[in-house]
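Please open the structure in your viewer and set the display to show strands as arrows. The tour below proceeds from one selection to the next.

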Amino acid sequence: MIGPLAAGAGRKGFLLLRRGGGLWGIASSAVDSLSRRGGAYRIGVGENAILADEIIGVVDDLLVRPSAGVLGRFWCEPAAGLAIHGELPLVVLDPRHPPGVLRPADDDSNEGDRSA
Amino acid sequence: MRDQLEIPALSGNGGNGNGTRRTSRGMGNHLLVKAGEYVCALPLVSVRRVLRSLTVHPLPGSSPELKGLAEFAGEPLPVLDLARLIGSPPSATPAFPVTIVVWVGPADARELVGLAADSALEVADVSPGSIVAGDGGFIRGEAAIGQEVVRVLHLEALGRES
C-alpha cells in the first residue's frame with residue numbers, strides 16, 4: 001500500500017525494511033504513511049519520518065529482545081530492541097527516536113510526499 | 001546445523017616453568033585465539049561455542065569494533081572484531097576465521113557476544129600468577145606460553161559500562 005494507511009493503532013505486526021545496508025523493523029501500529037521518493041521510500045511515523053531503500057514486507061510478530069548491554073557500548077542509537085526474522089538479525093526501531101541513518105536530511109523532511 | 005569446531009589441546013607438555021603451559025590432556029583453562037597479529041587467551045569458562053565465521057550483518061552508525069549482528073541459536077548476536085578490541089594491527093586475510101561465542105559481563109547480568117577472530121588455536125593453562133602488566137580492563141594482562149606472549153582477556157570487563 002502506498003499513501004496514507006488505515007488507522008495505525010489497531011494494526012498488528014512489524015514493517016521490515018532495509019536502509020544503509022541494515023535490516024530494520026518498526027511496529028506497524030506506528031506507521032502512518034508510506035510513500036515513494038525516487039528510488040527510496042518515506043515512512044511517516046507520527047511527526048517523524050524514516051527512509052527505506054527497500055520494503056521487505058510485514059510480519060505478524062517478532063520476538064523483540066532488549067538491545068542494551070554490550071551493543072549499546074558500540075552502537076549509540078536508541079532502539080526498541082533486536083529480533084530475528086528467518087535467520088536475519090534486525091533492529092526494531094523506537095518510532096520516536098529513529099537512528100540517524102534512517103532519518104531524512106533536513107531539506108527532505110518538509111517536502112510533500114510524492115505517492116507512487 | 002552450524003559448524004562447531006573442535007579445538008584440540010596440543011600433545012606434549014610444553015611447560016615453561018612459570019605456571020603457564022600448553023596443556024597435554026585437554027584440561028587447560030583458556031582458549032588461545034589469533035586476532036590480527038596477537039594471540040589472545042579467553043577463559044574457557046566464558047566460551048560457549050566456537051564456530052566457523054558467522055555471517056555478520058553490518059549495523060550502520062556503529063563503532064569500528066562492532067562488526068554487526070549475526071544470528072546464533074535463533075537469537076540476535078552482536079559480533080565484535082577482536083583484533084580491533086585489543087588494538088592489534090589487522091592480519092592478512094585469515095585462512096580459517098571463526099566466531100567465538102562468549103559470555104561477557106558480570107554473573108548477574110551476563111550476555112552472549114560473538115568475537116570475530118582469525119583462528120582458534122588450542123587450549124592452554126594460564127595460571128593467575130603468570131599474568132603480568134594487567135590494567136584491570138578488558139586486557140587482564142600478558143602471559144608467556146612457551147615462546148609466545150599472549151594477551152589474557154577479562155571478558156567480564158567487556159560487559160561493564162565504559
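Begin in chain B of this predicted model by selecting strand E6 (residues 75-81) and strand E8 (residues 111-117), which run parallel and are joined by three bridges. Within this pair, select B:Leu80; its bridge partner in E8(B) is B:Leu115. As a general point, strands of a sheet pair through backbone hydrogen bonds, either parallel or antiparallel.

Next, widen the selection to the sheet of chain B that has the strand order E4-E7-E8-E6-E5. This sheet of five strands is open, and its pairing is mixed. Which strands of chain B are the edge strands? They are strand E4 (47-52) and strand E5 (66-72), each of which pairs on one side only. From one strand to the next, the twist averages 30°.

Now move to chain A and select strand E8 (residues 81-85) together with E9(A): the two run antiparallel, with five bridges between them. One bridge to locate is that between A:Ile84 and its partner in E9(A), A:Pro89. E8(A) and E9(A) form a hairpin with two residues between them. In the turn, select A:Gly86, which has a positive phi of about 65°.

Keep E9(A) selected and add strand E3 (residues 22-27) of chain A, which runs parallel to E9(A) and is joined to it by two bridges. Here A:Trp24 has A:Val91 of E9(A) as its bridge partner.

Finally, select strand E9 (residues 88-92) of chain A alone. Why is this strand largely enclosed by the rest of the structure? Strand E9 of chain A is largely enclosed because four of its five residues are buried.

Technical notes. Residues are numbered from 1 along each chain as its sequence is written. Chains are lettered from A and ligands numbered from 1 in the order in which they are written. This is a predicted model: local features need pLDDT of at least 70, side-chain atom pairs count only at pLDDT 80 or more; totals for chains, interfaces and linings use all residues. A residue is buried if 20 or more other C-beta atoms lie within 10 Å of its own, exposed if 12 or fewer, and partly exposed in between; C-beta atoms are placed from the backbone. Two strands pair if DSSP finds at least two bridges between them. Axes are lines fitted to C-alpha atoms, for helices over the stretch in contact, and angles run from 0 to 180 degrees between N-to-C directions.
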